[in-house]
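Hi,

Here is the structure I said I would pass on. Have a look at it first, and then read my notes underneath.

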Amino acid sequence: SAPKRPRSAPSALIRAATSNCKRRTIEQYARASARAIFQIHMDKKAFRNLSYGVYTVTAWDNGRPTGCTANSAMQITSSPATIAVSINHDNYTNSVIKELGKFAIAIIAEDSDATVIGRFGFMTGRDTDKFDGVPYTVRGMMPIPACAYICCNVIDKMETATHTVFLGEVTDAGVTRSATPMTYAYYHNVIKGKTAKNAPTALL
């Protein structure tokens, strides 16, 4: 019988690459299926036991102040002081922060005008001046419409499927007036506020 032809290197590489692609596809499908099962069976009320605040994350858009309502912000370290905040990819503020490399977290008080929270949470700064008619001060070179503020330079970021988590090193912080900071629970239970579809906690 005729001798077997040796397997060519390109053919072997192609077969190996195809096998790897199939394996990755199967793994991706398995992970997607696991996530789907988790979404079906998880108790979403558990997430409501996490503590959240209500904030306006602000930045300068070519000299114009803009921002969005956020509830997922937290202190990461104390020295140097760093803060992380999660902003949806579809929020105009996300792209502004990426270009500017800075952001401020304005901490909302319980006695704040609920319409202002809605203005920053349910309108886009792409074609709307959210600060029109909203009183604010400039602290740490950032626009602040709240009772306290934390200004940051972006030092790192992490991309998720839907949000960017910005890590900022604090450059300035202060209290503009004495007031009780609003919690996410207060916003929902007392003000009866809604959750924007772009919020990290929208599934709640």
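Below is what I found, going from the core outwards to a few local details.

One thing to keep in mind throughout: this is a predicted model.

**The core**

Start with the largest nonpolar core, which has 34 residues. If you want somewhere to click, try Val54, Val57, Val85, Ile87, Phe103 and Ile105, as these touch the most other members. Plenty of elements chip in with two or more residues: on the strand side there are S1 (55-61), S2 (64-70), S4 (81-88), S5 (102-107), S7 (142-144) and S8 (148-159). Helices H2 (92-100) and H4 (184-189) do so too. S5 gives the largest share, with 5 residues. As background, nonpolar side chains in soluble globular proteins tend to be buried together.

Ile87 is a nice one to zoom in on. Setting aside neighbours within four places in sequence, Ile87 is in contact with Val57, Cys68, Ala70, Asn94, His163, Thr164 and Phe166.

**Helix H2**

Asn94 from that list also turns up among the buried residues of H2, together with Tyr92, Thr93, Val96 and Ile97. What do these buried residues pack against? Their partners are S1, S2, S4, S5, S8 and strand S9 (163-175). Just after the helix, look for Gly101, which takes a positive phi of about 80 degrees.

**Strand S4 and its hairpin**

S4 forms a hairpin with S3, with 2 residues between them. Strand S3 covers residues 73-78, and the two strands pair in the antiparallel sense over 5 bridges. To find your way around the pairing, note that Ser78 stands opposite Ala81 in S4.

Asn88 is in S4 as well, and at 7% relative accessibility this residue counts as buried. Its side chain reaches the backbone nitrogen of Asp90 at 2.7 Å.

**Two cysteines, no bond**

You may spot Cys151 and Cys152 and wonder about a disulfide. The count of disulfides is 0. Why is there no bond between Cys151 and Cys152? The sulfur of Cys151 has its closest cysteine sulfur in Cys152, but they are 7.2 Å apart, so that is too far for a bond; a disulfide needs the two sulfur atoms within 2.5 Å. Both cysteines are tucked away: Cys151 is buried with a relative accessible area of 1%, and Cys152 is buried at 2%.

**Aromatic pairs**

There are 4 aromatic pairs in the structure. In one of them, the ring centres of Phe120 and Phe131 are 5.1 Å apart and the planes sit at 85 degrees, so the pair is edge-to-face. Phe120 lies in helix H3 (residues 114-122), while Phe131 is in the loop between H3 and strand S6 (137-139), so this pair ties together parts that are 11 residues apart in sequence. Both of these phenylalanines are buried.

Another pair is Tyr184 with Tyr187, where the centres are 6.3 Å apart and the planes at 15 degrees, so the rings are stacked. These two tyrosines are 3 residues apart in helix H4, so about one helical turn separates them. Tyr184 and Tyr187 are both buried, and ring pairs link them with Tyr52 into a cluster.

Those are my notes, so over to you.

Cheers

Terms used. Residues numbered from 1 in each chain as written. Predicted model: local features only at pLDDT ≥ 70, side-chain atom pairs only at ≥ 80, totals over all residues. Heavy atoms only, no water. Core = buried A, V, L, I, M, F, W, Y, C linked by side-chain atoms within 4.5 Å. Buried < 20%, exposed > 50% of the residue type's maximum accessible area, 1.4 Å probe, protein only. Helix = DSSP H or I, 4+ residues; strand = E, 2+ residues; numbered from the N terminus. Contact = heavy atoms within 4.5 Å. Pairing = 2+ DSSP bridges. Polar contact = N/O pair within 3.5 Å; in protein donor to acceptor, adjacent residues only side chain to side chain. Phe/Tyr/Trp six-rings, centres within 6.5 Å; stacked < 30°, edge-to-face > 60°.
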